[in-house]
Amino acid sequence: MVLFRSVTALSKLRSRLGQQSNLRDSVRWLQTQTSTDLDLRSQLKELIPEKQERLKKIKAEYGKVQLGNITVDMVLGGMRGMTGLLWETSLLDPDEGIRFRGLSIPECQKVLPGAKPGGEPLPEGLLWLLLTGKVPSKEQVDALSEELRSRAIVPDYVYKAIDALPITAHPMTQFTTGVMALQVRSEFQKAYDEGIHKSKYWEPTFEDSLSLIAQLPVVASYVYRRIFKDGKVIPVDDSLDYGANFSHLLGFDDPKMHELMRLYVTIHSDHEGGNVSAHTGHLVASALSDPYLSFAAALNGLAGPLHGLANQEVLLWIKSVVDEVGENVTTEQLKDYVWKTLNSGKVVPGFGHGVLRKTDPRYSCQREFALKHLPDDPLFQLVSKLYEVVPPILTELGKVKNPWPNVDAHSGVLLNHFGLTEARFFTVLFGVSRSIGIGSQLIWDRALGLPLERPKSVTMESLENYCKKAASS
Ligand code: AMX
């Protein structure tokens, strides 16, 4: 990669020399381009020793401090409320929602560079923030955009692996198959086989994570065009950033869709460590499986309807309302439809959350986007109506801890508005976005030397015996 960066800088210098007569300017420009300020890997190299020391100190000074009590309810209830993971890139507050390295979504929208001033944040900027904890400059983001474009090369056997599946295979199955095929070129696996020292694990993890993040839009778009379009692949556009390129590769070049994709990827990137996809990626990587293997595992968790597949389910559910009742559905008709869904033993997709207890800010910012760009869209109006109808009904059930909408309640109608109407594909978009959060954390997992995950499990019998003993003593 170092060689690649030098070659890229030199070829850019050559083209600048073609454009400009001032050699001194160009040399100065080359110096800034190769300086460590613009290089994410160099930035990380500086940060890692300090964080390693900090973790050592926490272990030494606070190792025996209790973080809460584990109850039987927690063990039987999917470990809700049980703190058990270190996850540096983001933190979820039940009321406020997600903070990426301390910044809320509106704050990220304010401080992260956009394609134009005031535009939606560029996902590359978020990647920089998640990895370093620092808000990048526009120049740093541009350098990272370029680096990602240069890594967006997908070997032919990846397409062949996908082509081996029937076209009817779910897009997530095709996508994950592509990720598994990408694994063939894992730098981590190669370095491990060659006997790399564990203090250097983070370096090939960095290479794999960045390449994975860069390659995923290409693989995802291949799957999309294979299933839903003409099968023709659209090449990467060297003038576009990550989000806009993803939209372009899928076949959508409306500037508003580019903006939507930047926002979509940014807000879907990370949601602290305990959700199914993030936790799975982290768990699998704790066995020193490389980022490709770990991320493919994460994607399989994301593909479940209680997690990432919910965005597909929401649009299909909304369309079923329209098919059955019509677009101008009244509040009463909508209430009846919600009850019908619940009475048939199904969940209302897009509502509820394992941690959040208020409206998801990822929902709110998508609503803002809709109000700005598609206020009259009939499906957006239906989504707005659901916001009024669903929470009181879920509250009435008496068991739902959070009746408010989550991220998935909104994303589908935005994509649908700009022509991406194939709901079955939506979770793939979610998957591409998640690589930014999970990939970033995996680098820190290895930099901090986090151990193999291995919690204790119990049988029902041992649990009963333990509880009886505890009650009698
Ligand atoms: N519709 C109907 N019932 C719901 C519900 C919903 N939207 N949300 C929760 N419930 C039910 C649960 O199924 C559970 O019922 P049970 O006791 O009969 O099994 C009960 O309410 C208590 O659940 P909870 O503690 O409030 O939620 P949870 O932490 O167990 O589950 C979640 C969280 C997201 C799986 C759940 O709210 C749900 O199924 N929502 C719909 C699917 C969805 O939108 N998923 C996407 C979440 C965001 C994401 O990961 N992308």
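**Entry 1: Ser 209**

I began with Ser 209, which counts as buried at 0% relative accessibility. The model I am reading is a predicted one. I located Ser 209 in helix H11, which covers residues 202–228. I then listed its contacts, setting aside neighbours within four places in sequence, and found Pro 291, Gly 439 and Ile 443.

**Entry 2: the ligand and its shell**

I turned next to the ligand. Which residues come nearest among the 20 around the ligand? I noted His 307, Gly 350, Lys 399, Lys 401 and Asp 408. Sorting the shell by class, I obtained 10 nonpolar, six polar and four charged residues.

I then looked up polar atom pairs between ligand and protein. An oxygen atom of the ligand lies 2.7 Å from an N or O atom in the side chain of His 307. For Leu 306, I found a polar backbone atom 2.9 Å from a nitrogen atom of the ligand. For Phe 351, a backbone N or O atom is 2.8 Å from a ligand nitrogen atom. I also checked the surface: the ligand taken alone exposes 890 Å², and the protein buries 76% of that.

**Entry 3: the annotated positions**

I consulted the UniProt record, an unreviewed entry, which places the feature "active site" at His 307, His 353 and Asp 408. These positions are spread over 102 residues of sequence, yet they cluster in space, with a largest C-alpha distance of 10.7 Å.

**Entry 4: His 353**

Where is His 353 found? I placed His 353 in the loop between helix H17 (331–343) and helix H18 (361–373). Is His 353 buried or exposed? His 353 counts as partly exposed because its relative accessible area is 24%, and the class of partly exposed residues runs from 20% to 50%.

Beyond neighbours within four places in sequence, I recorded contacts of His 353 with Leu 92, His 271, Arg 362, Asn 402 and Asn 406. I also noted that a polar atom of the His 353 side chain lies 2.9 Å from the backbone nitrogen of Val 355.

**Entry 5: Asp 408**

I closed with Asp 408, which I located in helix H20, residues 408–417. Asp 408 has a relative accessible area of 5% and is therefore buried, the limit being under 20%.

Leaving out neighbours within four places in sequence, I listed the contacts of Asp 408 as His 307, Gly 308, Ala 310, Asn 311, Val 314, Gly 350 and Phe 430. One of these, His 307, also carries the "active site" feature in the UniProt record. His 307 and Gly 350 are, like Asp 408, among the residues that come nearest to the ligand.

Note on methods
Residues are numbered from 1 along each chain as its sequence is written. This is a predicted model: local features need pLDDT of at least 70, side-chain atom pairs count only at pLDDT 80 or more; totals for chains, interfaces and linings use all residues. Side-chain values use heavy atoms; hydrogens and water are left out. A residue is near a molecule or strand if one of its heavy atoms lies within 4 Å of it. A polar contact is a pair of N or O atoms within 3.5 Å; within protein, one must be able to donate a hydrogen and the other to accept it, and residues adjacent in sequence count only if both atoms are side-chain atoms. Accessible areas come from the Shrake-Rupley method with a 1.4 Å probe; for residues, only the protein chains shown count as cover. Ala, Val, Leu, Ile, Met, Phe, Trp, Tyr, Cys and Pro count as nonpolar, Asp, Glu, Lys and Arg as charged, and the others, Gly among them, as polar. UniProt positions are given in the numbering used here, feature names are shortened, and annotations may be inferred rather than shown by experiment. Helices (H or I, at least four residues) and strands (E, at least two) are DSSP runs, numbered from the N terminus. Buried means under 20% relative accessible area, exposed over 50%, partly exposed in between (1.4 Å probe, protein chains only). Contact means heavy atoms within 4.5 Å.
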